[in-house]
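Visitor: I would like a close look at the place where the ligand sits, and then at a few side chains elsewhere in the chain. Could you take me through them slowly?

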Amino acid sequence: MTAVLIDGTAVAARIRTQVTADVARLASPPGLATVLVGEDPASAVYVRNKRKRCVEAGMRDVHRHLPGDITQDAALAVIDQLASDSNVTGILVQLPLPPHLDAAALIDRIPAHKDVDGLTEASAGRLALGRPGLRPCTPSGVLALLDESGTELPGVHTVVVGRSDLVGKPMAQLLLQRHATVTVCHSRTRDLAAVCREADVLVVAAGKARLLGSEAVKPGATVIDVGIHRTDSGLCGDVDAAVKDVAGALTPVPGGVGPMTIAMLLRNTVTAAQIR
Ligand code: NAP
């Protein structure tokens, strides 16, 4: 079997086109505020791409680049200013933050209705309780890819590898809401490959290059690889490329989940504007 590749680049482009049309229908363009602290080169690239896509979709780009040694109180004051600015629809604090800052406290200062990254306690609580709210972008992007690929979810066994607040936990909650049977694995899971082999849908977000190979995949399963790693031989995911010979459908790295995160961020910003 050779897996059908799920083209995240194409799906993300379609979502951005829809978002651009939705923005044009709004009375005034939504504003997306990105907050970057310090000079981490990878974070700078991520933020630059988010701002570029935001402008392309017709949204207002509001950016705050804060010094790496900013105090917690000064950073909180910036969030408060953005929270009270009526031109700002959504606020995103780029992670990771320098270690002297309390990231959780900074994120939680974002009002839930402007939490376009879906990472505040309030948004996580709403997701866990199945109430309306803004959902984290990467797991929402995974769900959109599963929908686009026509993957059935009700009643099927899905295995999520990873339990981070950013990806694994919200992913499991979103799948549960869609009536999937969900198993969550983590670094202490015994015989990971055997558990993964039970999955009709396998979502891998472990942050370990090529952690899972063909032996961990049920023939015909849908495999979503969230991981992204720069290696000497190029970019790779948490799943070995050889899995394509066993899986029924697979997201490539790059070009799978990666492009979806920004697309879902833009969609969340439009949703935040509509809620307002
Ligand atoms: P994270 O915070 O490091 O969490 C990794 C999770 O995987 C943890 O729950 C950890 O378990 C689990 N894990 C680690 N090693 C494992 C092993 N050997 N077996 C089973 N589970 C293991 O990472 P994250 O933020 O969720 O990100 C995961 C990956 O997705 C990373 O490669 C990241 O770069 C990528 N990512 C991509 C996008 C995108 O837009 N494409 C967005 C976000 C993240 P414990 O909890 O027990 O430690």
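Guide: What follows begins with the ligand and its surroundings and then turns to two polar side chains and two cysteines. Please keep in mind throughout that this is a predicted model.

The ligand is surrounded by 21 residues, and the closest of these are R163, S164, H186, S187 and T261. Sorted by character, the residues of this shell comprise 9 nonpolar, 10 polar and 2 charged ones. Three polar contacts of the ligand can be described one by one. In the first one to consider, an N or O atom in the side chain of R163 lies 2.7 Å from an oxygen atom of the ligand. The backbone also takes part, since a polar backbone atom of H186 is found 3.4 Å from a nitrogen atom of the ligand, and a polar backbone atom of I228 is 3.5 Å from an oxygen atom of the ligand. As for how far the ligand is covered, it exposes 920 Å² when taken alone, and the protein buries 70% of that area.

Away from the ligand, consider Q72, which is located in helix α3, a helix made up of residues 72-84. Q72 counts as buried because its relative accessibility is 19%, and the cut-off for buried is under 20%. A polar atom of the Q72 side chain lies 2.8 Å from the backbone nitrogen of D102. Once neighbours within four places in sequence are set aside, the residues in contact with Q72 are L101, D102, A105 and L106, so that D102 appears both in this list and in the polar contact just described.

The other polar side chain is that of N268, which belongs to helix α9, formed by residues 258-275. With a relative accessibility of 10%, N268 is likewise classed as buried. In this case the partner is a backbone oxygen, that of V116, which lies 2.8 Å from a polar atom of the N268 side chain. Not counting residues up to four places away in sequence, N268 touches V116, L134, R135 and C137.

C137 leads on to the matter of the cysteines, for the structure holds 0 disulfides. C54 takes part in no disulfide, and the nearest cysteine sulfur to it, that of C137, is 13 Å away. C137 is likewise in no disulfide, its nearest cysteine sulfur being that of C54. C54 is buried, with a relative accessible area of 1%, and C137, a residue that N268 touches, is buried as well, with a relative accessible area of 4%.

Note on methods. Residues are numbered from 1 along each chain as its sequence is written. This is a predicted model: local features need pLDDT of at least 70, side-chain atom pairs count only at pLDDT 80 or more; totals for chains, interfaces and linings use all residues. Side-chain values use heavy atoms; hydrogens and water are left out. A residue is near a molecule or strand if one of its heavy atoms lies within 4 Å of it. A polar contact is a pair of N or O atoms within 3.5 Å; within protein, one must be able to donate a hydrogen and the other to accept it, and residues adjacent in sequence count only if both atoms are side-chain atoms. Accessible areas come from the Shrake-Rupley method with a 1.4 Å probe; for residues, only the protein chains shown count as cover. Ala, Val, Leu, Ile, Met, Phe, Trp, Tyr, Cys and Pro count as nonpolar, Asp, Glu, Lys and Arg as charged, and the others, Gly among them, as polar. Helices (H or I, at least four residues) and strands (E, at least two) are DSSP runs, numbered from the N terminus. Buried means under 20% relative accessible area, exposed over 50%, partly exposed in between (1.4 Å probe, protein chains only). Contact means heavy atoms within 4.5 Å. A disulfide is a pair of cysteine sulfur atoms within 2.5 Å.
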